[in-house]
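Biologist: Please take a close look at the spaces in this structure, with the residues that line them. I would like one connected account, with the domains and elements named.

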Amino acid sequence: MVASNRLPFTLQRTARGIERRHSPGGLVSALEPVLRARGGTWVGWPGMELRAGESIPDGETHYDVATISLSESEVSRYYHGFCNRTLWPLLHSMPGLARFEARDFETYARVNDRFADAVLETAGPDDLVWVHDYQLALSPARIRQRAPDTRLAYFLHIPFPPYDIFRLLPWDRELLLGLLACDLVGFHVPGYVDNFLNCVEQRLGARVDRQRQLIEHGDRMVRVGAFPIGIEYEHFEQRAREAPAQPETQRERVVLGVDRLDYTKGIPERISAFARLLERYPEHRERVVLLQVAVPSRSQVAEYKQLKREIDELVGRVNGRFATASWSPIRYLYRSIDPTRLAALYRDAHVALVSPLRDGMNLVAKEFVACQTESPGVLVLSRLAGAGETMREALLVNPYNVDETAEALHRALKMDETERRSRMEALRARELRDNVQAWVGSFLESAEASMPVLAPLSDTDFHGWLDAYLTRPHLALFLDYDGTLTELVGHPSEARLSPAARQAVTTCSSRPDTDVAIVTGRALADIQTLLKAPELTYAGNHGLEIQGPDGLDFRHDDLVHYAQRTDTLARALEEVARDGAWVEPKGPTLTFHYRAVAADAREPLIERARELITGAGYQARAAHEALEARPPIGWDKGRAVLHVLRSRYGPAWSERVRVLYVGDDETDEDAFRFLAGLAMTFRVGPAHTLTAASHRLAGVGAVLSLVDFLARR
Ligand code: GDG
C-alpha cells in the first residue's frame, strides 16, 4: 500500500472532459513501474477537485487507486505553502528561501491526518504501508496512533539536511516524531541517514546505534538506512534503441539539461557555466549547443515565477552575446516533452550536464546513461546530488563553481572515445544492476526483516558524554517517583520501589559529592514514609512542600488559604467519582484518578471533574490517567528545584553544582521547561510525546542504569 501526495496521474479538465495526465517528477517515475509490476493500492491526490457528475476516467488497471480530495485553501496552505515554501527549500539546505507560517503547518498536519485515515480505510492488517516523501511526514504518527500494529515504512525522496539547518524549522520535533512512528525510514544516501540520526539524537535525545542504524524510540525500535533509488533501466534503454533521430541533435554537438523548473536544479548556474565555456574556449562556438528542457513546475509559487523570469533573461543575454546568423548557443524548451523524444535526446546528447545545487538523488543522470546506446557521451554531474555519491565515473563538479563546471564541460567535449567508453560502461553496468526493482527489493527486504533489539541501556552507555557534563564539584540529582523510579501500577498505594532501585538511590546519595532529591506529586508525608531515607530531600505536592537534611523545610506561604478549600473540592469530586474513578486528597492539592474507568465512560467524567476543579479556582492539570487540582499560585516542580538549589548551594549555585532532573509525567514538563539551559533533563517513557527535556530514557530500567552510573562514576 503506497501513499504519496501525488498519484501517478494528474487530472485535468479539458474541452473533451476530464483527462488523465502523467504526473511529472522523480517519485512517480520510480514508483509507477513498481506498482504496475506488483499490484497494490496507491493513495494520493489527483491534482484537482471533481465536480458533481464528473468521475476519474479509466486508466491503469494493474493496481487500485484511492483519492484524497483537497480544498482550494488546503492546496494553498498545505501544498504550495508548507510543502513547497517551507519543507522543500529547507530540506534542500536553502533556508533563505523558506517561509515559516503556523497556519500552513496546521493545515499540513490536518491533511496528513486525512491521508492517514484514507490509508487505514483501505489497508488490511497484513499490508505493508509505504509512505513517501516530505509531503507526508506526519501521516505515520497518525497511522501508528490509530492502528499500533501496522507495518509502516517511509522513504524520503529529497535530501535530509544537517541538524544545524533542520532545527531552523519551528516544527522540527513534530516532523522527527512523525517519521519515527515508522518501522523503517529510508533515505537515498548514507549522508542523509547520518543527518537524520544526528537530529534524532540531538533534538529528541533518543538513543541511536549508528553501526546497526537503529533508533530506540520509547518501547519501539526504528530502523534507518540508505537505499539509493534506481530507474527502470531496461525500459529506457529499449526506448532509446527504438526512438527515431531528432533534428535537434543533428547539426551541433549537444550539451543536454533536463529538469523540472526548480531553483534546486541550478539552471541559471548551468547557463552561466556554459557561457563561461564559450568565453574561455571559442573553439566550441558554432559547434556546440546547450539544449535545456525545463518542465513547468509549481508555477503558482512566487519563487518559481521569479526563477522563470531570471532564466528567460539569462538565456536572452547569453544568446544575444554569442549567437551568429546561423547559430544560437542555447536552445531552451519551457515545456514537457514526450518520453520517446526524451530518450532520443538522452541517446544523442554528447554531454549531459546535471548540475543541481542540491538534489535527493537525480534520475536524469541515470536515465541519460541508460539511453547511451550509441557512441558514448559524458556525464557531468553535481557532487551535491545524491547521484554524485554513487556515479563516480562521471565528471563531478561543484555546481556553485562556474569555472570548475566550465572546465569539466571542456574536458567532456574533448574526451577521447576510449575514456568516454570506459566511464560510460561502468556507469551503465551499475545502473543496470541497481535498477528500480533492485531498489524496491532491498527496501522491502529491510522493511520485512525482523527487528533487532538494542541491549538494554547499561551504565556504561553514559560514559564519556555524561562525564563531560559533570564538571562541577557537586551533583544534584532530582528524581520523580511514580513512573520514574517505580513502574506505574493500578493504585498509587501499590507502587513499590524495587530493592535494586533503592540500592542505586542510596549508593548515589551516600556519596559526599552527590545530593539526591525526590520530586513528586504525592503528599510530602506519603513519599517520606515510602522511602524512609533521611539523607534524601523530598519535594511533595509538586514542590509545594519541601523537606531535607540540614534543616531544609519549606511550605509555600499561600497554602494555608487552600487547605479548607481543597477539602470542599474533594467532597464535590467524590460525588462525581463513579465507575471506578476516585479522589486522592493530598492536603493542599488533590488528584482525580480515572485509570480504572472504561474508555468510553471517561470523557463526560473528566469533563465534569475539570469543571468542578476550575470552578473552585484551581488549575486542572492532566497527569497519567488522572486530573490534578493545584492551587493557582505560580509554583511548580521547576521552581521547587530552584528553591532546593539556592537553599543548599547559595545564589551562585550554578558554579558549584551540576543538575540532572529525571521525570516521566506532564508535571515534570514544568521542570524541563524551567530548567532548560540550567540542567540536563530526561523524560522517561513512551516516545511519541513532545517533551522539553534534553534527553529521553525508555523506562524505569534505563533510569536505574543512569542512577547506577552516577553512583559508581
Ligand atoms: C525527486 C527528487 C529524486 C523531466 N522532464 C521530462 C520528464 N522528466 C522526468 C525525468 C525524471 C523525472 O522527471 C525527474 O526526476 P529527478 O530525480 O531528476 O527530480 P525530481 O522530480 O525533483 O524528483 C530527486 C527523485 O525524487 C526520485 O527519488 O531522484 O532527487 O528531487 O524521471 O525523466 N519526463 C518526460 N518529459 C519531460 O519533459 N517524459
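**Cavities, a pocket and the ligand shell**

Modeller: The lining of the second largest cavity comprises 4 nonpolar, 4 polar and 4 charged residues. This is a predicted model, and the values below are computed from it. The space in that cavity is about 80 Å³. Its lining includes Gly205, Ala206, Arg207, Glu216, His217 and Gly218, and, from further along the sequence, Arg683, Gly685, Ala687, Arg696, Leu697 and Ala698. Two strands, β10 (214-217) and β29 (695-697), each supply at least two residues of this lining. Domain 1 (2-226) and domain 3 (456-556 + 635-713) both contribute to the lining, so the second largest cavity lies between them.

The count of cavities of 30 Å³ or more is 7. The largest cavity holds about 310 Å³ of space. It is lined by 25 residues, and those closest to its centre are Asp482, His593, Arg595, Glu628 and Asp665. By class, this lining has 6 nonpolar, 8 polar and 11 charged residues. Three strands each provide at least two of the lining residues: β23 (582-586), β24 (589-593) and β26 (626-630). The largest cavity lies between domain 3 (456-556 + 635-713) and domain 4 (558-634), because both give residues to its lining.

Next comes a pocket. The second largest pocket contains about 590 Å³ of space. Among the 20 residues that line this pocket, Ala141, Arg142, Gln145, Leu177 and His688 are the closest to its centre. Helices α3 (102-122), α4 (139-146) and α6 (172-180) are the elements that give two or more residues to the lining of this pocket. The lining of the second largest pocket consists of 10 nonpolar, 4 polar and 6 charged residues. Both domain 1 (2-226) and domain 3 (456-556 + 635-713) supply residues to it, so the pocket lies between them.

The ligand is the last item. There are 25 residues around the ligand, of which His157, Ile337, Asp359, Met361 and Glu367 come nearest. By class, the residues of this shell are 13 nonpolar, 8 polar and 4 charged. Polar atoms of the protein face both oxygen and nitrogen atoms of the ligand. In the side chain of His188, an N or O atom is 3.2 Å from an oxygen atom of the ligand. For Asp359, a polar side-chain atom lies 2.5 Å from an oxygen atom of the ligand. With Ile337 the backbone is involved: one of its polar backbone atoms is 2.6 Å from a nitrogen atom of the ligand. On its own the ligand has 730 Å² of accessible area, and the protein covers 91% of this. The elements that give two or more residues to the shell are helices α1 (26-38), α11 (339-348) and α12 (363-371), together with strands β12 (253-260) and β13 (288-295). Since domain 1 (2-226) and domain 2 (234-433) both give residues to the shell, the ligand lies between them.

To return to the domains, domain 1 (2-226) takes part in the ligand shell with domain 2 (234-433), and in the lining of the second largest pocket with domain 3 (456-556 + 635-713). Domain 3 (456-556 + 635-713) gives residues to the lining of the largest cavity, as does domain 4 (558-634).

Technical notes: Residues are numbered from 1 along each chain as its sequence is written. This is a predicted model: local features need pLDDT of at least 70, side-chain atom pairs count only at pLDDT 80 or more; totals for chains, interfaces and linings use all residues. Side-chain values use heavy atoms; hydrogens and water are left out. A residue is near a molecule or strand if one of its heavy atoms lies within 4 Å of it. A polar contact is a pair of N or O atoms within 3.5 Å; within protein, one must be able to donate a hydrogen and the other to accept it, and residues adjacent in sequence count only if both atoms are side-chain atoms. Accessible areas come from the Shrake-Rupley method with a 1.4 Å probe; for residues, only the protein chains shown count as cover. Helices (H or I, at least four residues) and strands (E, at least two) are DSSP runs, numbered from the N terminus. Ala, Val, Leu, Ile, Met, Phe, Trp, Tyr, Cys and Pro count as nonpolar, Asp, Glu, Lys and Arg as charged, and the others, Gly among them, as polar. Domain bounds come from an automatic or database domain assignment. On a 1 Å grid over the protein atoms alone, a cavity is a set of points where a 1.4 Å probe fits but cannot get out, and a pocket is an open set with protein on both sides within 12 Å along at least five of seven lines; lining residues have an atom within 4 Å of a point. Grid points are joined across faces, edges and corners, and a volume is the space filled by probe spheres set on the points.
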